[in-house]
Every structure is written in C-alpha cells, then in structure tokens.
Amino acid sequence: MARFIPFILKTDDEQKIGVRITRMKKADAAQTEKEPVWQTSWMSAYIQKDAFEKYALKTTDGELVALAAYEILENDVMVHITYIESQPESNPTLTRQKKYQGIGKAMIAFGIQLSIDANCNGVVVFEAKTDELEQHYIRDFGARPVASLYPDGPKTFMIADQAAKDIFSSYLF
C-alpha cells in the first residue's frame, strides 16, 4: 500500500530532504519571533484561533522549515489552507537565494491529505496574496479561480480532481 511521504529539495543541489509534518507546538510558533524573524508572528491572536489546525514541517533533523494553518470546512466539503509560511532562509519575500524548494507544494499536498481524511475528496482552497503567486498556483499546481471566501479580499483558488491527484501522488511511495 502506498504511503504519503513528503519531502522538500535543497536548493543548491536539489537533494531530496525527508520531512515530517506534525501538529504545531507553542515552541514552533515562538520560534517565528526569534532571529531570524519570520515574516509573520505565529503567536498572533488570529493564527492562534482554535478554528485552525496548525502544523509544522520539519526536516528529520528537527529544523523548522514551514508552518501552515488549515480549516476543515465540512459543510462546504473542502479544506481551506488559511496560511503557509516558509522559514526566513527559504521565504522568497525575505531572501534572494532560498535554502529549500518545494515547501508550498508539500504543505498543499498535506492539505489534500487532510481533505481526503475529512471526506472532502481532496479539495483545497486558498488565497493568492500576489499576482506572481496567482500565476504560480495556476501554472505549477493546476489551481482554478473560484468565488472569493472574503469579499474584497485576495483572489481565491481551488485545487481539486486531477490537479489534486497529481500533487498528492507525487508524495506517494
């Protein structure tokens, strides 16, 4: 039977790095306020809301690489990826040369796993905060625009069907 085994790539040599995705701990959130400071404090009241399921992506050596918040919207039959953030060394907003690549794809694939587990058929939705991200999601992940969850907010996209299967299956071994 195939298992979901996420990984990321070291940017300098494209070596696969094994990762674990586990529930975010308070210490993980607190690390976002230490040097090097992350783009967002994961200690904020908004992110700490109980409505979100929060997860940490760490290398097998324990290096915190990313955090993500998800909402399982069972009535809407989807998982809303509320927020994903990479560590400062891999966040393209904070550095020119990323330490790791494939972080977003791994966290989207995990959202698809959550959606499958919640009987939401692998459907995930999320917002694109920039035009560049919007094009990346469409081109690289097969995302489709859908009605916005938030009026006057960023554009909302969905990954479902074959696009979700393609992303998820790239981590099945």
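## Exercises on burial, rings, strands and a pocket

F126 has a relative accessibility of 4% and therefore counts as buried. The model is predicted, and the exercises below start from residues such as this one.

### Exercise 1: a tilted ring pair

Classify the ring pair of W42 and Y83, and state where its two residues lie.

*Step 1.* The structure has eleven aromatic pairs in its count.
*Step 2.* In the pair of W42 and Y83, the ring centres are 5.6 Å apart and the planes meet at 35°, so the pair is tilted. The cut-offs needed here are under 30 degrees for stacked and over 60 for edge-to-face.
*Step 3.* W42 belongs to the loop between α1 (26-31) and β3 (53-59), while Y83 belongs to strand β5 (residues 78-86). The two residues are 41 residues apart, and their pair links distant parts of the chain.
*Step 4.* W42 has a relative accessible area of 0% and is buried. Y83, at 18% relative accessibility, is buried as well.

### Exercise 2: an edge-to-face ring pair

Classify the ring pair of F126 and Y137, and decide whether Y137 is buried or exposed.

*Step 1.* The planes of the F126 and Y137 rings stand at 75° with centres 4.8 Å apart, so this pair is edge-to-face.
*Step 2.* F126 is in strand β7 (residues 124-128) and Y137 in helix α3 (residues 131-141). Eleven residues separate them along the chain, and this pair too links distant parts of it.
*Step 3.* The cut-off for buried is under 20% relative accessible area. Y137 has a relative accessibility of 13%, so it counts as buried.

### Exercise 3: the surroundings of F7

Which aromatic cluster includes F7, and which residue lies over the face of its ring?

*Step 1.* The cluster consists of F4, F7, F168, Y171 and F173.
*Step 2.* K16 lies over the face of F7, 4.4 Å from the ring centre.
*Step 3.* F7 is part of strand β1 (residues 7-10). Its relative accessible area is 16%, so F7 is buried.
*Step 4.* For a separation across the model, take F7 and P151: they are 144 residues apart along the chain, with 35 Å between their C-alpha atoms.

### Exercise 4: the order of the strands

Give the strand order of the open sheet, and find the strands that stand at its edges.

*Step 1.* The order of the nine strands is β6-β1-β2-β3-β4-β5-β7-β9-β8, and the pairing is mixed.
*Step 2.* The edge strands are β6 (100-101) and β8 (144-146). Each has a single partner strand, so one side of each has no neighbour in the sheet.

### Exercise 5: pairing along the sheet

How many bridges join β1 to β2, β2 to β3, β7 to β9 and β8 to β9?

*Step 1.* β1 and β2 are antiparallel and share three bridges, with I8 opposite I17 in β2. Their hairpin has five residues between the strands, and there E14 takes a positive phi near 55°.
*Step 2.* Strand β2 (residues 16-23) is antiparallel to β3 and joined to it by five bridges. R20 has K58 in β3 as its bridge partner.
*Step 3.* β7 and β9 have five bridges and run antiparallel; V125 stands opposite M158 in β9.
*Step 4.* β8 and β9, again antiparallel, are joined by three bridges, and P145 stands opposite F157 in β9.
*Step 5.* As a check on β9 (residues 155-159), four of its five residues are buried, so this strand is largely enclosed by the rest of the structure.

### Exercise 6: the largest pocket

Describe the volume and the lining of the largest pocket.

*Step 1.* The space in the largest pocket amounts to about 950 Å³.
*Step 2.* Its lining has 33 residues, and those nearest the pocket centre are P92, G104, L133, H136 and Y137.
*Step 3.* At least two lining residues come from each of β5, β6, α2 (103-117), β7, α3 and α4 (161-169).
*Step 4.* By type, the lining of the largest pocket holds 13 nonpolar, twelve polar and eight charged residues.

### Exercise 7: a residue of helix α1

Decide whether D28 is buried or exposed, and give its distance from P154.

*Step 1.* D28 is a residue of helix α1.
*Step 2.* Its relative accessibility is 4%, so D28 counts as buried.
*Step 3.* From D28 to P154 the C-alpha distance is 27 Å, and the two are 126 residues apart in sequence.

Key: Residues numbered from 1 in each chain as written. Predicted model: local features only at pLDDT ≥ 70, side-chain atom pairs only at ≥ 80, totals over all residues. Heavy atoms only, no water. Phe/Tyr/Trp six-rings, centres within 6.5 Å; stacked < 30°, edge-to-face > 60°. Buried < 20%, exposed > 50% of the residue type's maximum accessible area, 1.4 Å probe, protein only. Lys NZ or Arg CZ within 6 Å of the ring centre and 35° of its normal. Pairing = 2+ DSSP bridges. 1 Å grid on protein atoms, 1.4 Å probe; cavity = no way out; pocket = protein on both sides within 12 Å on 5 of 7 lines; lining within 4 Å. Points joined across faces, edges and corners; volume = space filled by probe spheres on them. Nonpolar A, V, L, I, M, F, W, Y, C, P; charged D, E, K, R; others polar.
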